[in-house]
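Biologist: Before the terms used for this model are accepted, I should like to see how each of them is justified. Shall we take them in turn?

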Amino acid sequence: MFEIDEMALLTREVLRERSAALVAETCAWAVGTADRPHHTRRRGRLVATGTTVGVRAENGQLLGDEETGRLDLGDARPGSFRDALNMVDAEGGLYADRFDVEVLEPFVQETCALAGERLRAARPQAWEELADDVGEDPDDVAAVVRAGEWEAPLRIVAEHLVLAAIGDTPLAVVEAEGVPLSLVRAAEGIARRAAPAPPAPPAEIAGVLFLARAAVAGEPAPIPASAADRVLAALLAEGLERDEVLAVLADLPLEPDAERDLRRLAEQLPD
């Protein structure tokens with residue numbers, strides 16, 4: 001008999017094995033942060049401080065927002081990566097929230113899926129029992145992982161791993177470490193965009209694609225990852241169902257990160 005808590009332990013084991021990759025992805029995500037204008041809140045109003053994040057960090061000034069920042073990040077060393085996570089962006093959102101959505105969530109989802117694949121290969125009977133316990137098809141690893149709800153607690157562990165590794169490291173150093181991987185990611189995005197156009201969709205998809213393109217007509221092209229939630233809401237408002245959203249994402253003018261985030265969000269929708 002396989003206990004569900006054993007799967008939780010297995011996901012943590014796989015996460016520890018991938019901790020170096022998680023830190024690398026984090027450093028790559030941070031690249032470019034220092035060049036952005038710094039914002040803060042003053043008496044509830046979002047204002048630009050007039051300097052870039054990098055200049056402020058070099059001057060030893062606090063980056064995080066004192067009014068709306070997270071308490072657990074509030075004692076960060078000025079100019080550190082932990083301090084940068086506590087900043088507000090130009091839209092008033094916390095960088096820590098963006099980091100959670102853009103890095104931690106997809107990384108943890110992949111980690112849980114890898115743990116599931118490992119269990120299914122090593123102990124097929126135990127995997128069958130686990131899938132039955134959560135009421136999902138054992139051949140659908142992603143569905144079993146979602147039903148088991150191992151991702152949320154693992155995100156907390158993943159965040160702690162990142163902060164323990166580079167939380168107090170100066171933002172400039174974190175960015176420098178992330179440049180090589182960020183260049184690889186950019187090259188991958190260029191290669192995907194340069195790939196031959198896919199064949200014309202079948203008739204039943206063409207109508208769905210028309211609605212999807214109409215839903216995002218007002219968005220900038222390519223659509224950035226920060227608009228993922230808004231785009232998904234627009235697609236659903238047009239009447240698209242989960243499988244239809246997933247089917248048309250590759251044909252929409254999305255940045256690679258936006259397509260990844262939208263696919264992750266759509267996969268979490270009920271069938």
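Modeller: A residue counts as buried when its relative accessible area is under 20%. Please bear in mind that this is a predicted model.

Biologist: Why is Phe99 called buried or exposed?

Modeller: Phe99 has a relative accessibility of 2%; the limit for buried is under 20%, so Phe99 counts as buried. Phe99 is located in helix 5.

Biologist: Which residues does Phe99 touch, leaving out those up to four places away in sequence?

Modeller: Phe99 touches Thr26, Trp29, Leu85, Leu104 and Val162. With Thr26, the separation is 73 residues in sequence, and the C-alpha atoms are 8.2 Å apart in space.

Biologist: How do you know that the span of helix 13 agrees with its number of residues?

Modeller: Helix 13 has twelve residues, 256-267, and at 1.5 Å a residue should span 16 Å. Its end C-alpha atoms are 17 Å apart, which agrees.

Biologist: What do the buried residues of helix 13 pack against?

Modeller: They pack against helix 5, helix 11 and helix 12. Among the buried residues of helix 13 are Asp261, Leu262 and Leu265.

Biologist: Which residues are closest to the centre of the largest pocket?

Modeller: The largest pocket holds about 1300 Å³ of space. Of its 39 lining residues, Trp29, Glu102, Ala225, Asp257 and Arg260 are the closest to its centre. By class, the lining has 16 nonpolar, four polar and 19 charged residues.

Biologist: Which element gives the most to the lining of the second largest pocket?

Modeller: Helix 13 does, with six residues.

Technical notes. Residues are numbered from 1 along each chain as its sequence is written. This is a predicted model: local features need pLDDT of at least 70, side-chain atom pairs count only at pLDDT 80 or more; totals for chains, interfaces and linings use all residues. Side-chain values use heavy atoms; hydrogens and water are left out. Helices (H or I, at least four residues) and strands (E, at least two) are DSSP runs, numbered from the N terminus. The expected span of a helix is 1.5 Å times one less than its number of residues. Buried means under 20% relative accessible area, exposed over 50%, partly exposed in between (1.4 Å probe, protein chains only). Contact means heavy atoms within 4.5 Å. On a 1 Å grid over the protein atoms alone, a cavity is a set of points where a 1.4 Å probe fits but cannot get out, and a pocket is an open set with protein on both sides within 12 Å along at least five of seven lines; lining residues have an atom within 4 Å of a point. Grid points are joined across faces, edges and corners, and a volume is the space filled by probe spheres set on the points. Ala, Val, Leu, Ile, Met, Phe, Trp, Tyr, Cys and Pro count as nonpolar, Asp, Glu, Lys and Arg as charged, and the others, Gly among them, as polar.
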